[in-house]
Amino acid sequence: MNPTLSELEARAARKKAAFGGDAHIVCDNLVRIYKTEGVEVVALQGLDLVIDEGELVAIVGASGSGKSTLLNVLSGLDVPTAGVARVAGMDLLSMTPRDRLRYRRSVVGFLWQQTARNLLPYLTARENVELPMRLAGAASRKGRAMELLELLGVDSCANRKATEMSGGEQQRVAIAVALANSPQLVLADEPTGELDSETSELVFQALRTANRELRVTVVVVTHDPLVSEQVDRTVGIRDGRTSSETLRREDAEGRIIAEEYAVLDRVGRLQLPRDFMNALRMERRVRLELESDHIGVWPTREESSDEQ
Amino acid sequence: MPLPVREHVGTLAVLAALTAVACLLVSGLPRAMQASFDQALRRALTTAPAVQADLTVAAEPYAPTEDLHERAAFEARGRHWREALPAALQPLVTTTGHMSAKTVRTPLTGTGGATYVNLGWLSDADRRVNWVQGRAPGPPSTTRHEGANIPLIEVGVVDEAVHQMDLRIGQTRTLGESDYVAVKIVGVFKAKDPRDRYWTHNPDVLHVTKQLTRDGTIELHTTTLMSDAGLAALSSASRHLTYRWVLPVDARAANALDVPHLSAAVEDLRRLVSVQVVSTTPHRLDTGLPKLLGDFSAALATAETVMYLVLGGLLAVAIGVIVLGVRLLTDRMDHTLGLARARGGSLRQVAGAGAALTGLAVAPAALAGYAVSFLVPGPVLLVVHVGPAVVVVAAVGFAVARVSLAHRTPLRERRDDVVAARPSVRRITLEVLVVALALAGAYLLRARGLTRDPFLLFVPVALTLAASLITLRCYPYPLRLLVRLAGQGRAAVPFLGLTRAARARSASGLPVLILLPALGVSVFAAVISDGIATTQRLASWQQVGAPIKVTSLGIIYPSLVEQVRALDGVEEVVVAQTGRVQLGYVAEYAQAVAVDVAQWRRLVAGAPIDLPELSGGTSALVSPELRGRGTFEIGWQSRMRLTTQGVIDSVPGFHTDGKFILMPLSALPRPEVNTLLIKGDASPAELARLVPLATVDTQERALAAIREDPLTGTVRSTLIVVTVALGAYALVAVILSLVVGAADRARAVSFLRTLGLSDRQARRLTVLEVLPMVLVTSLAGLALGLGLPPALGPGVDLSAYAGDLPVGDYSPDLLTPAALAAGLTVVAALGAYAHTAIARRRSLGAELRVGDSS
């Protein structure tokens, strides 16, 4: 029986459950296109991402996959072209410049890959940490700055300038700077890109400390797949879309198990890992079969066409 | 946010130095200029004869009842005039001053009108003269003459009159031809200071005056001095008696800014004097002050125009260079401000930080420059306060604007390196508008002159801006052509260097906007200065007509001419006769100069004046007013017919306007030479001694007189100061633009060095990158500077500085402007070379890392 007009109206008025619900970070079909003098570069092509509050997530991808663009969008430094980007309930597409400023001041903190770029070279570590608080006009800066430096284990550097600190110390001070205004979210763009593995470990330690102690959501962008060992969840990006996720959990015996998942988008699309496809020589189309507890994916074979 | 003062101390110091110098120039130069204007006015007033500069109230009593017979009566009226002085004149008129009563043309009885002994009284005679013989005159008495009682006045005579007029102490002489008065000469006086300007009021008292009458006899005049008591016997009955109250003007109290008020006040006083109520005798104000002030104002107006033109250019260039300095500072703060902006700094905070740091450098420096400018003597004008304020506002405003634009969005995605920026339609429209306005303004300026409309003062600025915009817009095109040519060659350096020059960011236009006006205005100043100098020389020749000209009131006989020829230093003498001739048989007269033109032409060969040839015994050259008469008759000694051979605008050394004729001396049947044109360096004093009743003019003296004028001096010295200052600013602009682009260039060079670029190639690359801009700008600036004077020439009247000849010949000396442009180019190239050589010391890694973080 066809629905009546009133039923259709009621159906239209009924709100659908929003994608991602009330997650901390929600990106839905996010698109970012750069246009310079007629040349268009599509950096994000319909990216979906959901991150819950208090998560420590890494976003990995090859150079040019769009991960830095995503980070710039999330940090409020860049505005997406289309889609939905919501952080802590704030819509990043419809923010006024004033909202955006407030967002950068109190909701998000971030650090860049280049250690020198995060800190002003002529200020001491403590002054650098105080800078965002000064910009936001906060009182009782000194105590807060020292607390953060202590928390991250760099209180000894408080009165040293950037040039007098090691790279690892600089990055940890930079984390303190990012945390200065008690943000809900810290974004890090290749924070260990210029560091050796030992120092990297220290920096991740600091990020984890911030995540656990201060309940801050941390999103790290990197091209280093090994970072997945340091975080709870790793999201892989390929060609401006999320392609895979790796979850890291401890099993009953305390061993760490990392399991890789493919991402299923809202319309049911799925990216198969390239090596899987190569191994089975899957090309152009595959055959799917619904079983009771899984879906089977089969490469198309010559005989299958004969069967038809 | 904390200000990185220590971090940018070098840039801040440069900025502070630039600001201090700019403020000093902008505040100091107008003061110095105004001071010299004042000085020029004072000089104009003090060098003019006192009789012209001072205010003299004069009256000729028309009836004996109007006579003043007591000193007190003179003084009372003198006080009245002082009280009547308008407020603007009060401070200018000194309390000293004198009164006089003098007769004119009072004949010595029985001399048949050949000797005149005037009666005179000076209120301050006792202070002005010494009695060298006899005694000072006493009170009058009476004597008998032809059976009647006539007054006998005791007088003193000037020592000159004793010798020349045969007047001696003890003589009693009768004056008058019908109504007699007797004078007894009791003393001989001499001026205490004959050179005192005071005596220009009473030259008749100081010297015996000789006058040549129409029939060739010489009249002698002297004015005697009497005592105060003598006034009682001085009557206007049958004497031409004049009373004068002299109110001396104190030039030291005059200042150029008050000139318009002064002229008005003099006119007020003139009206007041003519309608005075103290006496029924009409009084009048005799003074040359309005004319002196008028002449001065005319010269001043032009001086001010030229000065403010070049000062405006200087201010614009100074601000441009300061803006370039601010740009360097904001560029260097980019990282700090970008980070602060990303970390939650609002646009206002970030722009405020930029402004504060700029202000920190600029404000104290401006204050210092402003303070130092008070050491420059001169009155304080409005521009003295406004100039530094404009500099500070411009610097801080630019800092705010630039930082705001750069950090409007926190993250900048600029890819200037990939694509050439295409200018927006809006910008092109604006530029076309500026060019059109400048051209329209130039047309108006030529048509209407500069002084009538202050808005037209902006025309040169607009023209400069238009030239800059056109240069900016057009110079990449020929460069790209060169790049294409260089691309086909094998050498990499020309291709790379020119490519970088052609692809330079649009911001590299700032140095062009500074360099071009700097060169343009300095070349303009140099050309104007040259033009004035040349015209001054021409004017001196026009005034005298020969190296030395001797003009006599009488006839110079051939024997005397031979004596002159024999004098030391005389190389050549050309004789001439001048006179007033009757045209035809009507009451129309013209000035005639009869001379052997061919000889005269030889005499002045090489001088800037040009004489046309005159052929034929009775042909003549006539003034434009006499053109078209063909063959005409004149009466000069005898009647003769002359044929017009051509028209001349002036006869150098003789006539420049009115009706005049230049004819051959041989046309006169009996030449009576009264003028000698002499080549050589004979002493003028010697010539004056040799030729009686003669005035001697030399071209060198005339030139010195034209040049000596303080206004002329100020104009020329200011033009020189501005030329030098602008040249210096142009250099600073080149150096600053090199430093501004240093980081980017160093990165590119470092990168290229990793690809195998040698040090030498790197230096050549930098020079090639900078040179096209400097070269093109130099040429455009040179063209602009050379083009401005002819373009604006008709609008700017500089004749006051060039002996009243219009300054029109701006072509001459290309050396100074070309040297300026070439010097700039060479220094820019050397600077670029040195800059790369210094940058080489840095390590490659440091440069490349610096590049990564941008």
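Let me begin with a distance in chain A: the centres of its domain 1 and domain 2, taken over C-alpha atoms, are separated by 39 Å. Before going further, I should say that what we have in front of us is a predicted model. Domain 1 of chain A runs over residues 25–262, and domain 2 of chain A over residues 274–307.

Staying with chain A as a whole, its C-alpha trace spans about 75 × 50 × 50 Å along the principal axes, and the chain holds 10 helices and 13 strands. Chain A has 308 residues, of which 38% count as buried. If we take the contacts in chain A with a separation of 6 or more, 62% of them are accounted for by residues that stand 24 or more positions apart.

Now I would like to turn to chain B, and to one helix in it, α3, which covers residues 71–84. At 1.5 Å a residue, the 14 residues of this helix should span 20 Å, and since the C-alpha atoms at its ends are indeed 20 Å apart, the expectation and the model agree.

Which residues of α3(B) are buried? They are Phe74(B), Arg77(B) and Trp81(B), and because these buried residues fall within an arc of 70° when we look down the axis of α3(B), they line one face of the helix. On the other side of α3(B) we find Ala72(B), Ala76(B), Arg79(B) and Glu83(B), which are exposed. As for what covers the buried residues of α3(B), this includes three strands of chain B, namely β1 (55–59), β2 (98–104) and β13 (240–247).

My last topic is backbone angles, where a general remark helps: most residues other than glycine have a negative phi. Against that background, let me show you one residue in each chain.

In chain A, Asp239(A) has a phi near 50°, which is positive although the residue is not glycine. Asp239(A) sits in the loop that joins β9 (233–238) and β10 (241–250) of chain A, and, because it has 15 C-beta neighbours inside 10 Å, it counts as partly exposed.

In chain B, the phi of Arg105(B) is likewise a positive value near 50° in a residue other than glycine. Where does Arg105(B) lie? Its place is the loop between β2 and β3 (115–118) of chain B, and β2 is one of the strands I mentioned among those covering the buried residues of α3(B). Arg105(B) has 11 other C-beta atoms within 10 Å, and it is therefore exposed, the cut-off for that being 12 or fewer.

Terms used. Residues are numbered from 1 along each chain as its sequence is written. Chains are lettered from A and ligands numbered from 1 in the order in which they are written. This is a predicted model: local features need pLDDT of at least 70, side-chain atom pairs count only at pLDDT 80 or more; totals for chains, interfaces and linings use all residues. Helices (H or I, at least four residues) and strands (E, at least two) are DSSP runs, numbered from the N terminus. The expected span of a helix is 1.5 Å times one less than its number of residues. A residue is buried if 20 or more other C-beta atoms lie within 10 Å of its own, exposed if 12 or fewer, and partly exposed in between; C-beta atoms are placed from the backbone. The arc is that of the directions from the helix axis to the C-beta atoms. Two residues are in contact if their C-beta atoms, placed from the backbone, lie within 7 Å. Domain bounds come from an automatic or database domain assignment.
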